[in-house]
Amino acid sequence: MNNLGHGANVEDMCRNYNKDPKDIIDFSSNINPYLIDNLDKYLLEGLKECVKYPDIEYTRLKKNISDYLGIDSSFIIPGNGATEIIYLLMKSIGKRIAILNPTFSEYERSAKLSNLDVLNLYLNKDKNFDLDIENIESNISKFDSLFICNPSNPIGKVYKLEQLLKVLSDNNKLLIIDETFMEFVEDEERYSLVKYIKDYPNIFIIKAVTKFFGMPGIRLGYGICSNKDLLQKIYEIKEPWSINTFADIFSNYIFKEEKYIKNSKKFFVKERKFMLENLARIKNIKVYDTNTNFILIKLKNKKANELRQELFLKGDILIRDASNFKNLDESYIRVAVKTHEENLKLLNQINKILGE
């Protein structure tokens, strides 16, 4: 398979360097390292249900998500991960889209595969990747939709988007927000645009259980929008039964795990503070503040691929070389926030290599 511009591939790296994947700590993968209780029980329930098709309307699944978010279930379209929603959306919107970079490569890839005209705009690199509203306004006539990841991947920064929403609403543009990392934000209610869904039909939000609930393999994502015409366009091209029975069954439980959700938020607030404080003490790097479960780092005297290789060979640690994100270069890396013990190992190894 061609390299699609994603993070590190543990299996490939281990084959190349004759290592066992079980020995590798994958800091390139930014998902919650903790899982909900009773997974085996829910898996068994899903297995028993696999003898029949899932509900083609996914009524129960949408109700579970709507209860979790506090919105009408008619605003929800479930998908086989957030990726399916992204690709379906690109086939259903206007021909011109602007994408705020640096960001997830699948936005542009899916847009181009749907023959959309892509305008690449950029967060302000000179001001710690602030949102440049003036630049967006100056280009407003060049696009029909604007795509932003919030919190940003790979930066980790969360943005207040009310001003951007007003600008796009006043100009009848669609605002697409990938909020797959929003649950990691300490005060997510302040930043998430879910609360505006009902009153703003020009908002489309993408979410998933992949990151916060630590289950990328279950492939459950969903889109949120109150624009019935846009949702209908997506449903008209959406394949039936794209969400498996396990994901459907899991939705009965994971969104109700209040203790897990509370404890995960509490852990990441504390642990990213610990990581940021300790990384800031290391010489020859610039550490960007983060509101989520990963950290962007700029190396001052070493290339990203060199540090990646050294950490892998010497510490059995895999990090994300972030040089292939637009507007970043070979000096940038991204590391996940994992368990405290794993984070200590990363800090120790980076100190050994860079802390002289």
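**Figure 1. Exposed and buried residues of helix α2 (39-49).** Asp40, Lys41, Leu47 and Lys48 of α2 are exposed (over 50% relative accessible area, where buried means under 20% and partly exposed the range in between, with a 1.4 Å probe and protein chains only). Leu39, Tyr42 and Gly46, on the other side of the helix, are buried. Viewed down the axis of α2, the buried residues lie within an arc of 65 degrees, so they line one face of the helix (the arc is that of the directions from the helix axis to the C-beta atoms). These buried residues pack against α10 (245-250), contact being defined as heavy atoms within 4.5 Å. Helices (H or I, at least four residues) and strands (E, at least two) are DSSP runs, numbered from the N terminus. The model is predicted: local features need pLDDT of at least 70, side-chain atom pairs count only at pLDDT 80 or more, and totals for chains, interfaces and linings use all residues. Residues are numbered from 1 along each chain as its sequence is written, and side-chain values use heavy atoms, with hydrogens and water left out.

**Figure 2. Positive phi at Asn38 and Phe129.** Most residues other than glycine have a negative phi, and most peptide bonds are trans. Asn38, which is not a glycine, has a positive phi of about 65 degrees. Asn38 belongs to the loop between β1 (25-26) and α2, and its relative accessible area of 42% makes it partly exposed. Phe129, also not a glycine, has a positive phi of about 60 degrees. The loop between β4 (117-122) and α6 (133-138) contains Phe129, which is buried at 0% relative accessibility.

**Figure 3. Cis peptide bonds preceding Pro102 and Pro154.** The bond from Asn101 to Pro102 is cis, with omega near 0 degrees. Pro102 is located in the loop between β3 (96-101) and α5 (105-113). Asn153 and Pro154 are likewise joined by a cis peptide bond, for which omega is about 25 degrees. Pro154 lies in the loop between β5 (145-149) and α7 (162-170).

**Figure 4. Strand β8 (221-224) and its pairing with β2 and β7.** Gly221 and Gly223 point one way from β8, whereas Tyr222 and Ile224 point the other way; all are buried. Strand β2 (76-79) pairs with β8 in the antiparallel sense over four bridges (two strands pair if DSSP finds at least two bridges between them). Within this pairing, Tyr222 of β8 is the bridge partner of Pro78. Strand β7 (203-208) also pairs with β8 in the antiparallel sense, over four bridges, and here Ile224 of β8 is the bridge partner of Ile205.

**Figure 5. The open sheet β9-β10-β13-β12.** Four strands form this sheet, with antiparallel pairing. The edges are β9 (285-287) and β12 (320-321), each with a single partner strand, so one side of each has no neighbour in the sheet. Strand β12 pairs with β13 (332-336) in the antiparallel sense over two bridges, with Arg320 standing opposite Arg334 in β13. Helix α11 lies across β9, β10 (294-299) and β13, and runs at about 10 degrees to β10.

**Figure 6. Packing of helix α11 (258-279) with helix α13 (340-354).** Two packed helices are described by the angle between their axes and the distance between the axes. The axes of α11 and α13 come within 11 Å and cross at roughly 10 degrees. Axes are lines fitted to C-alpha atoms, for helices over the stretch in contact, and angles run from 0 to 180 degrees between N-to-C directions. The two helices, α11 and α13, are therefore roughly parallel (angles under 35 degrees; over 145 count as roughly antiparallel, 65 to 115 as roughly perpendicular and the rest as oblique). Phe267, Glu271, Phe274, Met275, Asn278 and Leu279 of α11 meet His340, Asn343, Leu344, Leu346, Leu347 and Ile350 of α13. The residues of this contact comprise eight nonpolar, three polar and one charged. Ala, Val, Leu, Ile, Met, Phe, Trp, Tyr, Cys and Pro count as nonpolar, Asp, Glu, Lys and Arg as charged, and the others, Gly among them, as polar.

**Figure 7. The surroundings of Asp316.** Asp316 is placed in the loop between α12 (304-315) and β11 (317-318), and is partly exposed at 24% relative accessibility. Leaving aside residues up to four places away in sequence, Asp316 touches Lys19, Asp23, Ile24, Ile25 and Leu311. Asp316 and Glu106 are 210 residues apart in sequence and 28 Å apart in space, C-alpha to C-alpha.
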